[in-house]
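Hi there,

Here is the structure I said I would pass on. Have a look at it first, and then read my notes below.

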Amino acid sequence: MPERFEITFASLGADPEAVAVILAGEGLDLGSKARELEAKSASSISKASAAADYKGKYKSTIEILAPAKIGIDRLIIAGLGKEGSLSAQQYVDLGGVILGAIQARKASAASVIVDVDGSDDVSPEQVAALIAQGALLRNYNFKKYLTKKSNDDGADKDGLKKLTIHVAHPDKAKSAFQPLKAVANGVNFARDLVNEPANILGPVELAEKTKALEKFGVSVDILEVKDMEKLGMGSLLCVGQGSARASRLAVMTWNGAKGSKKQKPICFVGKGVVFDTGGISIKPAAGMEDMKGDMGGAAAVIGTMYALAERKANVNAVGLVGCVENMPSGNAVRPGDIVTSMSGQTIEVINTDAEGRLVLADVLWYAQEKFKPKLVIDLATLTGAIMIALGKEYAGMFVNDDKLADELQSASRTTGEKVWRMPLDKAFDKMMDSKNADMKNTGGRWGGSASAAAFLQRFVQKDTPWCHLDIAGTAMDGSRNDINQSWGAGWGVRLLDRFVADHHEKSEK
């Protein structure tokens with residue numbers, strides 16, 4: 001995660017930094033502190049805005065250089081649009097826009113003056129906290145392997161180190177920011193995992209990364225190959241058998257439901273293929289370097305568990321990630337091989353590049369057998385077919401329970417992490433039948449994401465609410481936006497955290 005970036009909260013009366021941002025509503029509607037600066041500077045804000053035809057449109061910005069008599073070198077105006085009409089997520093996005101405008105000025109410290117009235121749904125303190133979260137998300141970068149951190153002219157580039165948010169009640173804003181900061185930290189932790197190259201992050205290393213959650217009270221258990229062999233996880237183990245690096249299954253348990261440790265947990269299951277060559281059914285060389293991100297589902301699960309634990313979520317949750325590497329070798333699984341899953345069902349491996357579902361099959365079954373969950377959600381960069389259908393804007397959502405579908409759709413609308421419900425149909429299930437085993441691992445070219453989901457459904461036990469999220473298009477190299485400029489997006493953490501908070505976190509009332 002980015003280092004040396006601190007967000008603090010101060011009163012509106014505190015002196016701002018030399019680079020400062022004020023907010024302006026539609027028609028250049030200014031707050032109390034901004035009006036004070038306007039008066040001291042002999043109306044320089046309104047004059048500059050008029051000259052630029054600036055009207056405070058949402059997310060629009062202009063800059064005033066060295067306005068008179070207010071001690072600010074660069075004053076940036078960020079548009080709110082029609083104040084009172086913005087959602088919580090729109091304030092988060094605005095925080096990203098503001099951070100981007102500040103970073104373009106190469107300042108080491110900056111202030112954001114949040115002198116807004118808020119609305120019935122979002123208080124001024126919450127506005128400040130949401131803007132801070134957006135800034136924290138936007139600030140992320142992955143430059144740990146760059147040995148020359150400099151500008152184009154060779155000068156050292158330190159970047160922004162401190163952002164101060166000025167608000168009427170800074171203590172309340174700081175309290176509101178703490179859970180939002182935890183979620184952003186979870187997202188950024190997931191981004192780090194996706195961005196890390198596979199020579200550094202192997203299956204063992206990915207599993208070990210989950211131990212970072214122990215500091216928040218998460219119990220971490222890591223199953224080795226011998227443990228999975230005893231459990232009969234032939235489906236998962238066949239994927240990693242061609243690699244010189246051993247497979248792992250990491251299990252993270254958060255018992256946060258106050259007064260109800262026996263409450264059935266939510267299980268999150270992630271595909272953790274640290275690199276996918278396709279195995280014997282090898283992929284084309286072009287673009288194969290992106291397969292370091294084929295563990296994006298595992299990263300989302302780890303990041304979600306990180307967020308839930310850091311903010312002390314009042315819920316019981318378990319995160320399980322199957323960590324493997326899919327390599328061709330003399331030991332690799334072959335097309336035509338038949339393996340036995342933990343469920344006892346046999347699988348004919350038609351294509352070794354359809355490996356993620358083989359990993360998930362055993363982890364899904366283990367999650368249900370071990371934890372008897374109230375519901376299961378798996379996330380996986382599973383198919384290229386989902387990108388043909390939905391591009392890089394939406395994740396495909398395959399779900400067997402309408403209530404679960406509605407809850408995830410609601411969380412999607414709130415966070416802007418988009419999901420689109422896709423069909424689970426018997427026709428797709430039939431495509432997975434094999435003449436030589438209980439099933440095969442691919443149903444052919446047509447409906448590839450739907451037949452993959454149908455395969456996974458065969459490992460979902462009766463009456464278990466389950467959702468499969470195919471995040472191949474959103475987890476890595478997705479669309480850049482106001483709060484994400486990274487190749488690894490950390491997609492899914494905010495969605496699942498909001499899903500838990502809105503629908504499954506026990507109230508303390």
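Before we start on who covers whom, one definition: a residue counts as buried when its relative accessible area is under 20%, as exposed when that area is over 50%, and as partly exposed in between. Please also keep in mind that this is a predicted model.

Let's begin with helix α1, which runs over residues 32-40. Its buried residues are Lys 33, Ala 34, Leu 37 and Glu 38. Those four span an arc of only 145° around the axis, so they sit on the same side of α1. And what lies over them? The cover for the buried residues of α1 includes strands β2 (19-25), β3 (29-30) and β6 (109-113), along with helix α2. Just past the end of α1 you will find Ala 42, with a positive phi of about 60°.

Now for the neighbour, α2, which takes in residues 44-51. How do the two helices pack? Their axes are 7 Å apart and meet at an angle of about 90°. Angles from 65 to 115 degrees count as roughly perpendicular, so that is the word for α1 relative to α2. On the α1 side the contact is made by Ala 34, Leu 37 and Glu 38, and on the α2 side by Ser 44, Ile 45 and Ser 46. Sorted by type, the residues of this contact come to 3 nonpolar, 2 polar and 1 charged.

Helix α2 has a buried side too, made up of Ser 44, Ile 45 and Ser 49. Here the arc around the axis is only 130°, so these residues are on the same side of α2. They pack against β2, β3, α1, β4 (61-65) and β5 (74-81). Turn to the face pointing away from that buried side and you meet the exposed residues Lys 47, Ala 50 and Ala 51. Just after α2 comes Asp 53, with a positive phi of about 55°.

That brings me to backbone angles. Most residues other than glycine have a negative phi. With that in mind, take a look at Ala 66: it is not a glycine, yet its phi is positive, at about 45°. You can find Ala 66 in the loop between β4 and β5. Is Ala 66 buried or exposed? With a relative accessible area of 55%, Ala 66 is exposed. Asp 477 is another non-glycine residue with a positive phi, in this case about 50°. Asp 477 belongs to the loop between β18 (466-470) and α15 (493-503), and with a relative accessible area of 30% it is partly exposed.

In that loop between β18 and α15 there is also Ile 471. Ile 471 is buried, and its relative accessible area is 0%. Which residues does Ile 471 touch, leaving aside neighbours within four places in sequence? Its contacts are Gly 296, Gly 297, Leu 379, Ala 380, Thr 381, Ala 395 and Trp 491. If you want a distance to try in the viewer, go from Ile 471 to Leu 496: they are 25 residues apart in sequence and 13 Å apart in space, C-alpha to C-alpha.

Another loop residue to click on is Thr 210, between α6 (203-209) and β8 (219-223). Thr 210 is buried, with a relative accessible area of 0%. Not counting residues up to four places away in sequence, Thr 210 touches Val 220, Ile 222, Ala 250, Met 252, Ile 302 and Val 321.

Last, the aromatic rings. A pair of them is described by how far apart the centres are and by the angle between the planes. Rings pair if their centres lie within 6.5 Å, and the count here comes to 6 aromatic pairs. Take Tyr 394 and Trp 420: their ring centres are 5.7 Å apart and their planes are at 85°, so this pair is edge-to-face. The pair links distant parts of the chain, with Tyr 394 in strand β15 (residues 394-399) and Trp 420 in strand β16 (residues 418-421), 26 residues apart. Tyr 394 is partly exposed, with a relative accessible area of 28%, and Trp 420 is partly exposed at 48%. Elsewhere, Phe 189, Phe 216 and Tyr 306 form one aromatic cluster.

Cheers!

Terms used: Residues numbered from 1 in each chain as written. Predicted model: local features only at pLDDT ≥ 70, side-chain atom pairs only at ≥ 80, totals over all residues. Heavy atoms only, no water. Axes fitted to C-alpha atoms, helices over the stretch in contact; angles between N-to-C directions. Parallel < 35°, antiparallel > 145°, perpendicular 65-115°, else oblique. Contact = heavy atoms within 4.5 Å. Nonpolar A, V, L, I, M, F, W, Y, C, P; charged D, E, K, R; others polar. Buried < 20%, exposed > 50% of the residue type's maximum accessible area, 1.4 Å probe, protein only. Arc of directions from axis to C-beta. Phe/Tyr/Trp six-rings, centres within 6.5 Å; stacked < 30°, edge-to-face > 60°.
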